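Biologist: Can you walk me through this model? I have the sequence and the structure open.
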Protein chains: 2
Amino acid sequence: MTPGRSASYRRIVDDLRRIIESGELGEGSKLPGVREIATRYGVPTGTVSRAIAELAAAGLVQAKRRGGTYVRRFAAIPRSSPGRLAKERWLGGETIQDADTKDRRRELNTSTGETPAPDWVAAALGVAAGEPVAFRDRRYAVDERFVQLATSYLPVDIARGTQIMHTDTGPGGTYARLAEIGHRPVRFTEYLRARMPSPEETDRLELPVGTPVFEITRHAFNEEGRCVEINRMILDGMAYLLDYSFPA
Amino acid sequence: MTPGRSASYRRIVDDLRRIIESGELGEGSKLPGVREIATRYGVPTGTVSRAIAELAAAGLVQAKRRGGTYVRRFAAIPRSSPGRLAKERWLGGETIQDADTKDRRRELNTSTGETPAPDWVAAALGVAAGEPVAFRDRRYAVDERFVQLATSYLPVDIARGTQIMHTDTGPGGTYARLAEIGHRPVRFTEYLRARMPSPEETDRLELPVGTPVFEITRHAFNEEGRCVEINRMILDGMAYLLDYSFPA
């Protein structure tokens, strides 16, 4: 794994990993100090620091600002599809994210406007690259932790001048508004990638090292099969447990 | 992001990231040599090596055994649900993975047997922890690259003595065999996490640093709502593009 490291280094990594994965040192627990571990194994503190850095890169531990290293928590916000996107919910005025995080969530930094269509957006919405598209950009925090970024794109011929372009889209949100103007979504496709975050995503979500993200790109289709919205969501991979249920 | 690094270090990381993300240096392209970059920016080669290590941890580049650093490829094996798991496919004798990777895939290291149920398996299958459960373990390579590990667990009262316990489960695989003995799956739920791999997963999939995995845990339910199989899959996050389609 890490060629050129000493046997002691390897043993420290393996021992710490084992006591974390076995639950002996539970989520949120503080690791012993670097000096204490160094003394126990008879190695320089630098060796211990490098071993802990490897565990951090693996997403197992996190250094806290005020000092100390802690076993990371997997938050497991459940996100159940297709239930959360059922038309009964948004046609009934509910907010989609309430299915996952009601009363625990804040929507922050919401901005709306028009922007030249990036290539991948243009292709999906069927407009020429660089032509204007409407966008809605927001950031979500749950229990005071940033967990998700989301940017929706819609054709301007649909969204311009509607409440979709307000920061508050009203009861039932964008999909309820699309329904009112004859573009009710009847089908969704969510494309998923697991990848490391970009520097901008790391900053906006305040992600510790060793945190992959889910990149989810949802296409919403109306009755005619036209893609009326694309939503690109970036989710903290340590915060969510996604599930998808479907018949055989 | 990386406190204490020099402005030159930061500039090298940012410049390389930009030419990779813009496509100026495409997937599979070789980066300029460390010495060449060091000369261009007027910094020690160690600074360049650390900058490239940061890009590797971000999953953007990969050092090759024979020397040189290359822009990583995102393979994007499409994995479309629920279509790939439609009963018409496996009842018709097709292999599920053929929906994604027909003719490009090899199944390797397949083993079967019985094992004491891990807690999470016991809970889902409704048996006591530590009681025996049947398992099927396999590893998949696509185009000579390891892309997936999969371990299925089934209750012994269902699987024992059936072809499900053979390394080759026959046409249509496990689900077709379950159907023949009165346990046809009628519904699936897939639970998804994005996380960094364990050392064992890193070894078995030969993952470069900076590669997160999808952990997918599928529950298969029969007509009575009993969970008749759990499949824990570990997918190279740089190899797959998952999609889930469903009605509103």
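Modeller: Start with helix H8 of chain B, residues 173-180. This is a predicted model, and in it six of the eight residues of H8(B) are buried, so the helix is largely enclosed by the rest of the structure.

Biologist: Which residues of H8(B) are buried?
Modeller: Gly173(B), Thr174(B), Tyr175(B), Ala176(B), Arg177(B) and Leu178(B).

Biologist: And what follows H8(B)?
Modeller: Gly182(B) comes after the helix, and its phi is positive, near 85°.

Biologist: Are there positive phi values outside glycine, and where?
Modeller: Two to look at are in chain A. Glu144(A) has a phi near 70° and is not a glycine. Glu206(A) is not a glycine either, and its phi is about 50°.

Biologist: Where does Glu144(A) lie?
Modeller: Glu144(A) sits in the loop between strand E5 (132-142) and strand E6 (145-155) of chain A.

Biologist: Is Glu144(A) buried or exposed?
Modeller: Exposed, because its relative accessible area is 64% and the cut-off for that class is over 50%.

Biologist: What about Glu206(A)?
Modeller: Glu206(A) is in the loop between helix H9 (199-205) and strand E8 (213-222) of chain A. Glu206(A) also counts as exposed, with a relative accessibility of 58%.

Biologist: Next topic, cis peptides. Which residues does the cis bond in chain A join?
Modeller: Ser81(A) and Pro82(A), with omega about 0°. Pro82(A) belongs to the loop between strand E3 (77-81) and helix H4 (87-91) of chain A.

Biologist: And in chain B?
Modeller: The bond from Ser81(B) to Pro82(B) is cis, with omega near 0°. Pro82(B) lies in the loop that runs between strand E3 (77-81) and helix H4 (87-91) of chain B.

Biologist: How do the two chains relate?
Modeller: Chain A superposes on chain B by a rotation of 180° with 0.0 Å of shift along the axis, at an RMSD of 0.0 Å. That is the relation of a two-fold axis. Both copies use the same surface: 100% of the contact residues of chain A recur in chain B.

Biologist: Let's do the sheets. What is the strand order in the one that starts at E4(A)?
Modeller: The order is E4(A)-E5(A)-E6(A)-E9(A)-E8(A)-E7(A)-E10(B)-E3(B), an open sheet of eight strands with mixed pairing. Its edge strands are E4 (105-116) of chain A and E3 of chain B, each of which pairs on one side only. On average, neighbouring strands here are turned by 15° against each other, direction ignored.

Biologist: How do E4(A) and E5(A) pair?
Modeller: Antiparallel, over 10 bridges. One residue to find there is Glu107(A), which stands opposite Tyr140(A) in E5(A).

Biologist: And the sheet that starts at E3(A)?
Modeller: That one is open too, with eight strands and mixed pairing, in the order E3(A)-E10(A)-E7(B)-E8(B)-E9(B)-E6(B)-E5(B)-E4(B). E3 of chain A and strand E4 (105-116) of chain B are at its edges with a single partner strand each, so one side of each has no neighbour in the sheet. From one strand to the next the twist averages 15°.

Biologist: How many bridges join E6 and E9 of chain B?
Modeller: Six, between E6(B) (residues 145-155) and E9(B) (residues 227-236), which run antiparallel. Thr151(B) stands opposite Arg232(B) in E9(B).

Biologist: Now the core. Which residues touch the most other members?
Modeller: In the largest nonpolar core, which has 62 residues, they are Leu192(A), Phe214(A), Leu242(A), Leu192(B), Phe214(B) and Leu242(B).

Biologist: Take Leu192(A). What does it touch?
Modeller: Leaving out residues up to four places away in sequence, the contacts of Leu192(A) include Phe214(A), Ile216(A), Leu242(A) and Tyr244(A) from chain A. From chain B they include Leu192(B), Phe214(B), Tyr240(B) and Leu242(B).

Biologist: Any annotation on chain A?
Modeller: An unreviewed UniProt entry annotates residues 6-74 of chain A as "domain: HTH gntR-type". Over residues 6-74 chain A is 52% helix and 9% strand, with the end C-alpha atoms 31 Å apart.

Biologist: Last one, chain A as a whole?
Modeller: Chain A has nine helices and 10 strands. Its C-alpha trace spans about 70 × 40 × 35 Å along the principal axes. Of its 248 residues, 52% are buried.

Terms used: Residues numbered from 1 in each chain as written. Chains lettered and ligands numbered in written order. Predicted model: local features only at pLDDT ≥ 70, side-chain atom pairs only at ≥ 80, totals over all residues. Heavy atoms only, no water. Helix = DSSP H or I, 4+ residues; strand = E, 2+ residues; numbered from the N terminus. Buried < 20%, exposed > 50% of the residue type's maximum accessible area, 1.4 Å probe, protein only. Pairing = 2+ DSSP bridges. Axes fitted to C-alpha atoms, helices over the stretch in contact; angles between N-to-C directions. Core = buried A, V, L, I, M, F, W, Y, C linked by side-chain atoms within 4.5 Å. Contact = heavy atoms within 4.5 Å. Least-squares fit on C-alpha atoms with pLDDT ≥ 70 in both. UniProt positions renumbered as here; feature names shortened; annotations may be inferred.
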